[in-house]
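Please keep the sequence and the three-dimensional view open side by side while reading. The paragraphs below go from helix packing to single residues in loops, and then to the cysteines.

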Amino acid sequence: MLLPSPAWVSHLEWNERDIWNKSIQFLHALSSKDIIAVVYDEDGDGISSAAIASMGVERLRGRFPDHVFPFPRANEYVASDLPEQLSRLGVTKLITLDRKLDQAGENFLVRLAKGRDVLIIDHHHSDATAHPKNVIPFYPHRVWKTASSNFPTAILAYTLFSSVCKMDEKDWLACIGIISDSSYANWKDFVGACS
């Protein structure tokens with residue numbers, strides 16, 4: 001079932017609607033048989049995004065993700081052994097939040113996608129156009145004709161999940177990401193209307 005998208009989506013011009021459709025299909029395909037991990041950045045936007053995604057997963061498949069944890073860090077942008085960590089956990093579906101994984105390199109994305117489907121929800125600008133087939137790069141500037149800086153990751157996660165499951169009473173979580181990412185000026189009407 002597809003719910004009406006939040007009102008602000010209707011004001012945006014599509015850039016790559018296929019990414020939106022694939023993201024919706026990814027969420028609809030989540031099942032109780034999947035081993036799902038939610039991996040997020042440790043700032044306010046990343047944490048609130050992870051809460052939204054975790055609650056959305058629970059509503060879609062009847063239980064919370066199997067693993068929820070911040071991106072492991074090393075000297076690299078993202079710990080290079082994350083793909084192997086996920087394999088050891090048996091993860092079949094991965095949702096990442098608030099981290100531009102393209103920056104970790106193409107080989108990293110190939111390793112990350114091996115044996116699992118990946119949904120990257122992130123608001124940082126990315127010029128990368130090549131992704132493994134089972135990686136969905138949900139960046140606002142890729143989906144709509146807008147600047148990525150206009151959308152904190154929390155509002156992206158809220159928009160996406162509220163299009164496939166009831167999330168109305170969790171809108172306040174998106175406000176945390178909006179405020180912590182200094183985006184109040186762009187989203188003051190949304191914040192003012194939150195429950």
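Helix α2 passes helix α6 in a left-handed crossing, in a model that is predicted. The two helices, α2 covering residues 44-61 and α6 covering residues 153-162, have axes that come within 8 Å and cross at roughly 10 degrees. Because angles under 35 degrees count as roughly parallel, α2 and α6 are described as roughly parallel to each other. On the α2 side, the residues that meet α6 are D45, S48, S49, I52, A53, G56, V57 and L60, while α6 brings T153, A154, A157, Y158 and F161 to the contact. Sorted by class, the residues of this contact of α2 with α6 comprise 8 nonpolar, 4 polar and 1 charged.

Helix α6 also packs against α7, a helix that spans residues 171-180, and here the axes are 7 Å apart at an angle of about 155 degrees. Since an angle over 145 degrees counts as roughly antiparallel, α6 and α7 are roughly antiparallel to each other. The α6 residues in this contact are A154, I155 and Y158, and those of α7 are D171, L173, A174, G177 and I178. The contact of α6 with α7 has 6 nonpolar residues, together with 1 polar and 1 charged. A154 and Y158 are therefore worth following in the view, because they are listed among the α6 residues that meet α2 and are named again in the contact of α6 with α7.

How many residues of α6 are buried? The helix is mostly covered, with 10 of its 10 residues buried. The buried residues are T153, A154, I155, L156, A157, Y158, T159, L160, F161 and S162, and several of these, including F161, are residues that meet α2.

A further helix pair is formed by α3, residues 82-89, and α4, residues 106-113. The axes of α3 and α4 come within 8 Å and cross at roughly 0 degrees, so these helices are roughly parallel to each other. In this contact, L82, P83, E84 and L86 of α3 meet F108, R111 and L112 of α4. The residues of the contact of α3 with α4 divide into 5 nonpolar and 2 charged, with no polar residue.

From α3 the chain can be followed to V91, which is found in the loop between α3 and β3, the strand of residues 93-97. Although V91 belongs to a loop, V91 counts as buried, at 3% relative accessibility. Leaving aside residues up to four places away in sequence, V91 touches I35, A37, H67, L86, G115 and R116, and one of these, L86, is also an α3 residue in the contact with α4. V91 can be related to D66 as well: the two are 25 residues apart in sequence, and their C-alpha atoms are 8.5 Å apart in space.

Two loop residues deserve attention for their backbone angles. Most residues other than glycine have a negative phi. D98, however, has a phi near 65 degrees, a positive value in a residue other than glycine, and D98 lies in the loop between β3 and α4. S182 likewise has a positive phi, near 55 degrees, in a residue other than glycine, and S182 lies in the loop between α7 and α8, the helix of residues 184-193. Are these two residues buried or exposed? D98 is buried, with a relative accessible area of 1%, whereas S182 is exposed, with a relative accessible area of 69%.

Toward the other end of the chain numbering, K22 is found in helix α1, which runs through residues 17-28. At 40% relative accessibility, K22 counts as partly exposed. K22 and R61 are 39 residues apart in sequence and 18 Å apart in space, taken from C-alpha to C-alpha.

The cysteines complete the account. The structure holds 0 disulfides, and C165 is accordingly in no disulfide, with the nearest cysteine sulfur, that of C194, 16 Å away. C165 is buried, with a relative accessible area of 6%, and C175 also counts as buried, at 8% relative accessibility.

Conventions: Residues are numbered from 1 along each chain as its sequence is written. This is a predicted model: local features need pLDDT of at least 70, side-chain atom pairs count only at pLDDT 80 or more; totals for chains, interfaces and linings use all residues. Side-chain values use heavy atoms; hydrogens and water are left out. Axes are lines fitted to C-alpha atoms, for helices over the stretch in contact, and angles run from 0 to 180 degrees between N-to-C directions. Helices (H or I, at least four residues) and strands (E, at least two) are DSSP runs, numbered from the N terminus. Angles under 35 degrees count as roughly parallel, over 145 as roughly antiparallel, 65 to 115 as roughly perpendicular and the rest as oblique. A crossing is left-handed if the near helix is turned anticlockwise from the far one by less than a right angle, and right-handed if clockwise. Contact means heavy atoms within 4.5 Å. Ala, Val, Leu, Ile, Met, Phe, Trp, Tyr, Cys and Pro count as nonpolar, Asp, Glu, Lys and Arg as charged, and the others, Gly among them, as polar. A disulfide is a pair of cysteine sulfur atoms within 2.5 Å. Buried means under 20% relative accessible area, exposed over 50%, partly exposed in between (1.4 Å probe, protein chains only).
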